[in-house]
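Student: I've got a chain open on my screen and I'd like to walk through it. Can we take it piece by piece?
Tutor: Sure, let's bring it up.
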Amino acid sequence: MFCSEHEAHETVPSIYDDVDIRVRYSARLLFLTIRGQKGSKRQGILLTGICDSGKTLLFSRLVYKSFKTTFTSIKVNSGTLKIPEKNKSIPVVDLPGHERLRSQNLDEHKGLARGIIFMVDSGAVQKDIKEVAEYLYTILTDNVISKNSPPVLVACNKQDLTLCKGATVIKSLLEKELNTLRMTRGAALQGTDNSANNNVYLGRHNKDFEFADLKSFQVEFVECSARGKSEESNGDTECVLEWIARVA
């Protein structure tokens with residue numbers, strides 16, 4: 001079971017307000033509508049990850065059941081996924097992965113997440129490991145997210161690529177990088193007034209970081225391919241759909 005996508009690059013403009021405001025409003029309105037319904041206000045699935053990880057193609061597969069050529073996203077995409085097993089639908093929100101946009105969009109939607117999918121480009125993870133780990137660290141150490149403790153799925157995408165890394169290798173790479181980040185960020189926080197947003201300690205003290213040591217989160221790893229063997233295929237996203245059905 002594998003997930004992937006091949007996204008073209010697009011230069012991100014310097015002014016986003018007019019481009020993003022209506023899309024952000026629509027995504028927020030979708031979540032607020034769910035918030036007012038019976039049960040938990042945290043009803044949405046957030047798609048996160050850095051640029052070119054495959055979020056937008058996975059979003060298209062989940063919401064529209066189709067392959068769509070995608071570009072580096074500078075705006076939020078929102079839609080609804082039907083879950084026949086539970087006779088219900090759940091909002092899905094694809095957050096832009098560009099470093100200048102991700103924090104603001106995450107802040108706007110993090111409190112409404114029932115589950116978080118963190119996409120990783122399995123073909124470029126070794127090259128991008130620092131940026132990938134920094135974004136995942138931001139998510140896992142966020143006070144609001146840690147308090148709500150939504151389940152997290154690390155989707156190792158683009159498994160259709162010949163030289164991609166498997167989930168076990170990616171997990172190990174992330175653990176090592178997150179361990180380094182934990183030390184450097186922790187040392188930096190000691191010199192502040194602790195007013196920073198992200199100050200949750202990951203894992204156990206005096207022990208190298210492992211995902212198994214996380215108390216607040218249930219973090220799972222799967223291998224997937226949003227693209228599949230070809231554009232005409234249905235992709236290989238069953239593992240992601242099964243996870244969403246479980247947490248919905």
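Tutor: Start just past helix 2, where K65 follows with a positive phi, near 55°. Keep in mind that this is a predicted model.

Student: OK, and helix 2 itself, which residues are buried there?
Tutor: K55, T56, L57, L58, F59, S60, R61, L62 and V63 are buried. That is nine of the 10 residues in helix 2, residues 55–64, so the helix is largely enclosed by the rest of the structure.

Student: What covers the buried residues of helix 2?
Tutor: The cover includes strand 1 (44–48), strand 2, strand 3, strand 4 and helix 7 (238–247).

Student: Let's zoom out. How many helices and strands are in the chain?
Tutor: The chain has seven helices and six strands. Read from the N terminus, the order is α-β-α-β-β-α-β-α-α-β-α-β-α.

Student: And how much of the chain is buried?
Tutor: Buried residues are 50% of the 248 in the chain.

Student: What share of the contacts comes from residues 24 or more positions apart?
Tutor: They account for 77% of the contacts with a separation of 6 or more.

Student: Back to strand 2. Which side chains point where?
Tutor: They alternate along the strand. N77, G79, L81 and I83 point to one face and are buried. S78, T80 and K82 point to the other face and are not buried.

Student: In what sense does strand 2 pair with strand 3?
Tutor: Antiparallel, over seven bridges. As an example, L81 stands opposite I90 in strand 3.

Student: What links the two strands?
Tutor: They form a hairpin with four residues between them. N87 sits in that loop, between strand 2 (77–83) and strand 3 (88–94).

Student: What's the phi of N87?
Tutor: It is near 50°, a positive value in a residue other than glycine.

Student: Is N87 buried or exposed?
Tutor: N87 is exposed, because its relative accessible area is 73% and the cut-off for exposed is over 50%.

Student: Where else is there a positive phi without a glycine?
Tutor: Look at S149, with a phi of about 50°. S149 is in the loop between helix 5 (143–148) and strand 5 (152–157). Its relative accessibility is 29%, so S149 counts as partly exposed.

Student: Strand 5 comes right after that loop. How many of its residues are buried?
Tutor: Six of the six, so strand 5 is largely enclosed by the rest of the structure.

Student: Which residues are on each side of strand 5?
Tutor: V152, V154 and C156 are on one side. L153, A155 and N157 are on the other. Both faces are covered.

Student: What does strand 5 pair with?
Tutor: Strand 4 pairs with strand 5 in the parallel sense, over six bridges. There, V154 is the bridge partner of F118. Strand 6 pairs with strand 5 in the parallel sense too, over five bridges. L153 stands opposite E220 in strand 6.

Student: New topic: the largest nonpolar core. Which residues touch the most other members?
Tutor: Of its 35 residues, those are L140, L174, L178, F211, L214, V219 and F221.

Student: Which elements supply at least two residues of this core?
Tutor: Strand 4 (113–121), helix 4 (125–140), strand 5, helix 6 (167–189) and strand 6 (219–223) each do. Helix 4 gives the most, with nine residues.

Student: Why would residues like that gather?
Tutor: In soluble globular proteins, nonpolar side chains tend to be buried together.

Student: What is F221 in contact with?
Tutor: Leaving aside its neighbours within four places in sequence, F221 is in contact with V154, C156, A167, I170, K171, L174 and F211. Apart from the largest core lies another one, of 25 residues, including I45, L58, V63 and A245.

Student: Last topic: how many cavities of 30 Å³ or more are there?
Tutor: The count comes to two. The second largest cavity holds about 30 Å³ of space.

Student: What lines the second largest cavity?
Tutor: I50, C51, D52, S53, D121, A124, V125, D128 and V132 line it. Helix 4 gives the largest share of that lining, three residues. By class, the lining has five nonpolar, one polar and three charged residues.

Conventions: Residues numbered from 1 in each chain as written. Predicted model: local features only at pLDDT ≥ 70, side-chain atom pairs only at ≥ 80, totals over all residues. Heavy atoms only, no water. Buried < 20%, exposed > 50% of the residue type's maximum accessible area, 1.4 Å probe, protein only. Core = buried A, V, L, I, M, F, W, Y, C linked by side-chain atoms within 4.5 Å. Contact = heavy atoms within 4.5 Å. Pairing = 2+ DSSP bridges. 1 Å grid on protein atoms, 1.4 Å probe; cavity = no way out; pocket = protein on both sides within 12 Å on 5 of 7 lines; lining within 4 Å. Points joined across faces, edges and corners; volume = space filled by probe spheres on them. Nonpolar A, V, L, I, M, F, W, Y, C, P; charged D, E, K, R; others polar.
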